[in-house]
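Please look over the chain below before reading on. The briefing that follows takes up the sheet, the helices, the cores and the surface in turn.

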Amino acid sequence: MAAYKVRLQDGSEVGPLDVEMLHSWYQQGLVNRESLVRLTTAKRWAKLADSVNIAEWGAAGGTKGRGAPAEGAEDEEELEVDPQGWRVYVASVLFFLIAAGAGYFAWFPARWLPALRQAPWREIALGFVALGLLLVRGWEPMRKVVRVVVFLLTFSLFALAAPVLMQGVQWRPLAILAAAWVMGSGLFFFLAGRPLPYLSIALCLFWIFAGGAAIGYLGFVPPGAAGASASPDPAAAASAAAASSSLSAQTVSRDLPMLSPRAAEFVLSYGVDRPEAVFRQSYLLAANGVGRLTPQEAKELGEITTAAYAPLAPEHRRHLDRYMERVRGLQVTQPQEDREITALVGQAVRQLPEAQRARYQALYEKALGATR
């Protein structure tokens with residue numbers, strides 16, 4: 001009886017096998033028509049279908065034969081490759097473009113709408129750069145991570161609406177938040193893991209670019225027109241102008257001695273219309289701008305701040321800490337509390353030695369960006 005050797009897909013050889021055993025392997029899907037076999041007495045390899053009469057054997061059984069790939073296996077592997085993987089690379093480029101826009105407003109804060117100038121543009125720019133870098137290799141796990149982050153960031157915009165509304169209902173800041181939500185939603189659906197119809201891809205890109213364009217158009221303040229777009233209501237604009245004119249840099253610097261007149265003028269340029277809100281605004285700006293200081297300067301600023309607040313009574317210190325924590329969290333504070341904290345901080349800083357207070361002003365001014 002003829003005996004055959006079989007060469008499997010991994011290159012290994014098994015046998016000898018008689019025809020009955022080959023038939024059994026064929027039915028199990030371990031070999032198929034294309035599997036290479038040879039007689040143990042021969043040296044030439046040939047296909048199973050050319051060496052043995054398998055006309056009555058029917059189709060090979062199984063789906064994972066070792067002899068050769070089962071029918072359709074190559075097609076299944078091709079289906080596993082996302083034919084729209086290019087979308088991940090496009091999303092990476094989009095994140096870098098958004099980071100560039102945020103970086104522009106971080107470098108030129110006076111070009112941004114005063115009602116939303118407390119936005120941490122530098123951190124936003126760095127965050128989008130990080131998201132773009134995660135996608136730059138097109139890795140599937142990174143796509144999933146970035147999509148989750150985009151989802152969380154998009155829906156966190158609703159939390160920002162409350163502080164904006166507390167400043168009065170102004171359509172422009174709310175429209176900017178809505179445009180950011182539209183852009184984030186477009187990015188979220190664009191990063192879906194399944195192939196999308198090209199119409200859906202076009203719609204996603206439209207919403208992304210439309211949202212980004214609306215943010216830039218509504219938020220950008222042309223040079224020389226600072227504050228002109230802060231309020232479209234003439235009555236509100238007149239009221240804000242009157243309030244701003246009543247606030248002078250000298251007055252603010254007197255109430256908050258850590259602010260030099262130049263730094264106070266810089267804070268007022270952000271549209272602060274209440275004296276008691278100056279400390280809140282200056283604290284937010286300084287916290288976002290500490291990165292402008294060298295490590296040694298940042299350490300020195302922290303030491304002077306600690307020295308200024310150390311003499312406060314424990315209950316006053318706890319009140320100040322809770323207030324600052326809420327400000328960092330962009331939570332709403334009441335005007336009465338703002339006035340109390342302004343008086344508390346002003347009194348604490350005035351007790352510093354003159355040389356230390358002057359150094360405090362210089363460091364604070366640099367952190368604010370007023371020296372730019």
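Which residue does Leu-36 stand opposite in β4? Leu-36 stands opposite Lys-47 there, and the points below set that pair in its surroundings. This is a predicted model, in which local features need pLDDT of at least 70 and side-chain atom pairs count only at pLDDT 80 or more, while totals for chains, interfaces and linings use all residues. Residues are numbered from 1 along each chain as its sequence is written, and side-chain values use heavy atoms, with hydrogens and water left out.

**The chain as a whole**

- The chain contains 16 helices and four strands, where helices (H or I, at least four residues) and strands (E, at least two) are DSSP runs numbered from the N terminus.
- Of its 372 residues, 39% count as buried, a term that means under 20% relative accessible area, with exposed meaning over 50% and partly exposed lying in between (1.4 Å probe, protein chains only).
- The chain exposes about 20,400 Å², and carbon and sulfur atoms supply 61% of that area; accessible areas come from the Shrake-Rupley method with a 1.4 Å probe, and for residues only the protein chains shown count as cover.
- Among contacts (heavy atoms within 4.5 Å) between residues at least 6 apart in sequence, 68% join residues at least 24 apart.

**The sheet**

- Four strands form an open sheet in the order β2-β1-β3-β4, with antiparallel pairing; two strands pair if DSSP finds at least two bridges between them.
- Because β2 and β4 (46-47) stand at the edges, each with a single partner strand, one side of each is left without a neighbour in the sheet.
- Strand β1 (residues 3-7) is joined to β2 (residues 13-18) over four bridges, and Val-14 in β2 is the bridge partner of Val-6.
- Four bridges also join β1 to β3 (residues 36-39), with Arg-7 opposite Leu-36 in β3, and two bridges join β3 to β4.
- Along β1 the side chains alternate, so that Tyr-4 and Val-6 point to one face and are buried, while Ala-3, Lys-5 and Arg-7 point to the other and are not; in a regular strand the side chains alternate between the two faces of the sheet.

**The nonpolar cores**

- The largest nonpolar core, a set of buried Ala, Val, Leu, Ile, Met, Phe, Trp, Tyr and Cys residues joined through side-chain atoms within 4.5 Å, has 38 residues, of which Leu-259, Phe-279 and Tyr-309 touch the most other members.
- The largest share of this core, six residues, comes from α12.
- Leaving aside neighbours within four places in sequence, Phe-279 is in contact with residues including Leu-256, Met-258, Tyr-309 and Tyr-323.
- A second, separate core of 34 residues includes Val-88, Ala-180, Cys-204 and Leu-218.

**Phe-105 in helix α4**

- Phe-105 is found in helix α4 (residues 86-107) and is buried, with a relative accessible area of 9%.
- Not counting residues up to four places away in sequence, Phe-105 touches Arg-111, Trp-112, Trp-121 and Phe-220.
- The C-alpha atoms of Phe-105 and Ala-125, 20 residues apart along the chain, are separated by 9.4 Å.

**Helix α6**

- Phe-155 lies in helix α6 and counts as partly exposed because its relative accessibility is 42%.
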